[in-house]
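Student: I would like a close look at one part of this model. Please take the nonpolar patch on the surface, and set it in the context of the chain.

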Amino acid sequence: MAWIYLFFGAFFEIGWAVGLKLSEGFTDPLFSTVTVICIIISFTFFTKALKVIDIGTGYAIFTGIGAAGTALIGMIFLGDGGGAGKVFFIVLLITGIIGLKMSESNSEQVQQEG
């Protein structure tokens, strides 16, 4: 369940990061409110996840998903610059996230066997 919490937290991290852009420095009341709500939800899920997941792995995955998701949304919907290099490094970041998740699963399995 902790991994589900982590992914939900990261999803809402994307929401608040995009919300920061759309709130225009917290001058737009709607997007400012949505941003604050996403921050609260994001950190609530992240906190629940860290009760089980190691802090280093959890934080790296949380921020990695947030960074990759925010960059993709920025490129697709907000007119941020893209290009092959940026896409390559986003894919590299996602690959690293998958690797961290797999290594965490392997270390949990070794601990249970030991």
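What follows is a walk from the whole chain to the patch, and then to other parts of the fold.

Tutor: Keep in mind that this is a predicted model. Start with the whole chain. It has four helices and zero strands. Read along the sequence, the pattern is α-α-α-α. Along the principal axes, the C-alpha atoms fill a box of roughly 55 × 35 × 15 Å. Of the 114 residues in the chain, 29% are buried. The exposed area comes to about 7,000 Å², and carbon and sulfur atoms supply 72% of it.

Now the patch. Which residues make the nonpolar surface patch? They are Leu72, Ile76, Phe77, Leu78, Ile94, Ile98 and Met102. Together they form a patch of about 670 Å². Two elements give two or more residues each to this patch: helix H3, residues 55-77, and helix H4, residues 84-113.

Take one of the patch residues, Met102. Met102 sits in helix H4. Is Met102 buried or exposed? Its relative accessibility is 52%, and the cut-off for exposed is over 50%, so Met102 counts as exposed.

For contrast, go to Thr57, which is placed in helix H3. Thr57 has a relative accessible area of 12%. Buried means under 20%, so Thr57 is buried. What does Thr57 touch, leaving out residues up to four places away in sequence? Its partners are Trp3, Leu100 and Glu104.

One of those partners, Trp3, leads to helix H1, since H1 covers residues 2-22. H1 has 21 residues. From its first C-alpha to its last, H1 reaches 30 Å, close to the 30 Å expected at 1.5 Å a residue. Trp3 is among the buried residues of H1. The others on that list are Ala2, Leu6, Gly9, Ala10, Glu13, Ile14, Trp16, Val18 and Gly19. Just after H1, Glu24 takes a positive phi of about 50 degrees.

Last, step back to contacts over the chain. Count those between residues at least 6 apart in sequence. Of these, 66% join residues at least 24 apart. The contact between Thr57 and Trp3 is one example of a link across the sequence.

To recap the part you asked for: the patch is nonpolar, covers about 670 Å², and draws two or more residues from each of H3 and H4. Within the patch, Met102 is exposed. Elsewhere in H3, Thr57 is buried.

Terms used. Residues are numbered from 1 along each chain as its sequence is written. This is a predicted model: local features need pLDDT of at least 70, side-chain atom pairs count only at pLDDT 80 or more; totals for chains, interfaces and linings use all residues. Side-chain values use heavy atoms; hydrogens and water are left out. Patches are made of residues with over 30% relative accessible area and no salt bridge: like charges are joined within 9 Å, nonpolar side chains (Val, Leu, Ile, Met, Phe, Trp, Tyr) within 5 Å. Accessible areas come from the Shrake-Rupley method with a 1.4 Å probe; for residues, only the protein chains shown count as cover. A salt bridge is a side-chain nitrogen of Lys or Arg within 4 Å of a carboxyl oxygen of Asp or Glu. Buried means under 20% relative accessible area, exposed over 50%, partly exposed in between (1.4 Å probe, protein chains only). The expected span of a helix is 1.5 Å times one less than its number of residues. Contact means heavy atoms within 4.5 Å.
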